Every structure is written in C-alpha cells, then in structure tokens.
Amino acid sequence: MHVIVGGGVVGLSVAWRLARSGQPVTVVDPAPASGATHAAAGMLAPVSEITFTEEPLLRLGAASLARWPAFAAELTADAGLGAGALDYRTDGTLDVAFGADDLAVLEETAGFMEKLGLRVERLSGRECRRLEPMLAPSVRGGLLAPDDAWVDPRRVASALLAALERLGVPIVRARVRELLRGDEGVQGVRLRPGDADEELRAERVVLAAGAWSGGLAQVPVRPVKGQILRLRSPQPLLGRCVRGTVHGQAVYLVPRGDGELVVGATQEELGFDTRVTAGGVYELLRDARELVPGVTELELAEVVAGLRPGTPDNLPLVGPGGEKGLLVATGHHRGGVLLAPLTAAVLMGEEGELASLCSPGRFVP
C-alpha cells in the first residue's frame, strides 16, 4: 500500500493515478486542498513564466502542459462531472509592457523563446488592446504565448477528491507527526497523538506535504509566502491571462468563466507566516490597476495567503527520497498545479528522461 502525506493538488493527483492503476492507496492530510492549492491562481504557463536561467523547468512545464488535456478529461470523467467543470481554458497568456525599457526586455525574451522553438507573437500596444480592450492605454506592446493555459485549482482539487471517493480511496484527516522508520527503511507514518489510528503501515510513503515536507524528511524545501486576491464582477473583465511588470514587481490577472478575476501574487521569504497584510493587498491592487484600470470597480471577494514549497534551484523534488520505501513529490514552488500531471507520471515510471531533472538525488552529497 501507498500512503500519500499531503492532500494538495500534487498529492491528490498522485493518489488518483495510483488508484486508477489498481494500487491500494491512502491519503493523509488534516484539511485536504486547503493550503497552497486553495490559494493558487492555476496558471498553466510554462512559456510566459520562463526566465533565462530556468530551461530545465521549462522542459518539465511543457511536458506537463502537454499532459493536461488528457488529465482534465480523465479526471472529469472519473469524478462524474460534465465538460467545463474544471474551468480549464487554453486561450494563452498576454505579457504586456509599459515603457521602452519594459518593451526591450520583452523583445529580448521573445528572441530567447524563439531560439528554444517556443511559439510567441510580438504585438503592438494597439494589437494588445484589440485582444484585451480593458488594458490601460499606456501599454506599449506585448507578447502573446498562445499555448499557455489555465485552470481553477479549487475545482481541480474538488474533482480529485470526488474521483478518489468513487475509487474507494480513504482520506485520513490527521497530521503526520513523523515517518515510521525501521531496518527496512520507511515503513509508514505515525500520526499526531489523539488522531485516529496513530500509525499507518505502508510499503511506500509518498511525501507530498508541500512547504512542510522538510519537517518529515531531509529535503531542501522552504516556505515562500504568496498573497493573492479574488475580485468579482457579473461579466469577465478579461478573456485571457494578462501579466506585466509594474514598479519592478511581476503581477498577473487570471480570469474565471464566472466573472472572478484572480490577482497575484506576492513572493515573501517570511517562513511559515500566513498573515494577510494591508501592504500586500495594496501592492497587488496598485499594480493590477496599472495593467487594467477597471479592476478598481470590482468587488474584493477574498484575500488569501499560501505557502509555496521552494527549493534552492526552483526545480521540484520528485522521485526516490534517499530512504527505502520513501518517494518525494514536493518543492514545486509556483508550479504545483501545472506540474501535477507530470509529477504523477514520474512516480508511475512513465517519464524516465525527465525524471533526472527533478530527482531529489541532486541534493545528496
């Protein structure tokens, strides 16, 4: 049996794939889908989020994005849901620039993308506003990454929980105190005192506890705080994801089909601090207004803070955890939703070549 420690989108995806293949599995999490998955915007954007130093992450993201159509279709079927239930959309990401310096950076980025064989379209300011009429008049130009996509992570998590229920997978709502270790390596988990069934034995434990993974095993994962806003209007303000750099900070706006607009996100190295701050809300609204002035007319529906699991090189940790019986699926930082299908595939042994890029063994002396 597999015990999955962590009920975010990554842990639930791994559990679902294992259960689909007929393997017995149990998920342990005190509040499934309430952490980083609950806060995430759901951008599936390996192209528009690429930087000059993250080509390996691009390879992982592109491979996982290619898996998303089948992943979404199979998940909705297994969960007994109809088409469109995940709000999975494939209209691309528009990255916009305001000043000449911003435009020069975008041009340089476009050249880099083209060298890598990625599809990207250079647009004038007028062409950007033709695609998205609510953009600020000061937009000078932009890049369209037409192959990027996005999804609603909360709907994905709900679908995964529904699919697991239909497959008969137990969800143990408890905290893991420690891994059970013996002469044969990791043999299960020990739960916090007072929780149901203090020990769960397993042939394999999959550590998918996000930012909290480092408290259970020797993995270099740290929490990276992100505050995010959800705005609401009767009609969608945008038709696709819009990104830009304002006051030196990246900001993005992700539309939902029901009129919700997600604005994110801060990146703060503050340990396990999940407070929502006035400064964080101000900065996000200020920067979003520079891109799309109409956001100030929308209802502020929710402000949340989540903890992304960061690693020293920004690549996830997926694979054998250095102890017999332990597998790791953590460290996805801002790409947990995007990389969930690939992570499950790697642990199922379906992606041998890419597995080396995210192997936890790269941090073993």
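Me: In this predicted model, how do you know that the span of helix α1 agrees with its number of residues?
Reply: Helix α1 runs over residues 9-20, and at 1.5 Å a residue its 12 residues should span 16 Å; the C-alpha atoms at its two ends lie 16 Å apart, so the expected and modelled values agree.

Me: What makes α1 largely enclosed by the rest of the structure?
Reply: Of its 12 residues, 11 are buried, and therefore the helix is largely enclosed by what surrounds it. The buried residues include V9, V10, G11, L12 and S13, and W16 and R17 are also among them.

Me: Which residue just after α1 takes a positive phi?
Reply: That residue is G22, with a phi of about 90 degrees.

Me: Why is W16 called buried?
Reply: Buried requires a relative accessible area under 20%, and W16, at 0%, therefore counts as buried.

Me: How many aromatic pairs are there, and what makes the pair of W16 and F71 edge-to-face?
Reply: The count comes to 4 aromatic pairs. In the pair of W16 and F71 the ring centres are 5.2 Å apart and the planes stand at 85 degrees; centres within 6.5 Å make a pair, and planes over 60 degrees apart make it edge-to-face, so both conditions are met. This pair joins distant parts of the chain, since W16 belongs to helix α1 and F71 to helix α3 (residues 55-78), 55 residues apart. F71 is buried too, with a relative accessible area of 5%.

Me: Why is the pair of W68 and Y88 called stacked?
Reply: The ring centres of W68 and Y88 are 5.8 Å apart and their planes lie at 25 degrees, so the pair is stacked, the cut-off for that class being under 30 degrees. Here W68 in helix α3 is linked to Y88 in the loop between α3 and β4 (93-97), 20 residues apart. W68 counts as buried at 0% relative accessibility, whereas Y88, at 25%, is partly exposed. Ring pairs link W16, W68, F71 and Y88 into a cluster.

Me: How do you know how α1 is oriented to α3?
Reply: The two helices pack at an angle of about 70 degrees, with their axes 12 Å apart. Because angles from 65 to 115 degrees count as roughly perpendicular, α1 is roughly perpendicular to α3. On the side of α1 the contact is made by S13, W16, R17 and R20, and on the side of α3 by R67, F71, E74, L75 and D78. By class, this contact has 3 nonpolar, 1 polar and 5 charged residues.

Notes. Residues numbered from 1 in each chain as written. Predicted model: local features only at pLDDT ≥ 70, side-chain atom pairs only at ≥ 80, totals over all residues. Heavy atoms only, no water. Helix = DSSP H or I, 4+ residues; strand = E, 2+ residues; numbered from the N terminus. Expected span 1.5 Å × (residues − 1). Buried < 20%, exposed > 50% of the residue type's maximum accessible area, 1.4 Å probe, protein only. Phe/Tyr/Trp six-rings, centres within 6.5 Å; stacked < 30°, edge-to-face > 60°. Axes fitted to C-alpha atoms, helices over the stretch in contact; angles between N-to-C directions. Parallel < 35°, antiparallel > 145°, perpendicular 65-115°, else oblique. Contact = heavy atoms within 4.5 Å. Nonpolar A, V, L, I, M, F, W, Y, C, P; charged D, E, K, R; others polar.
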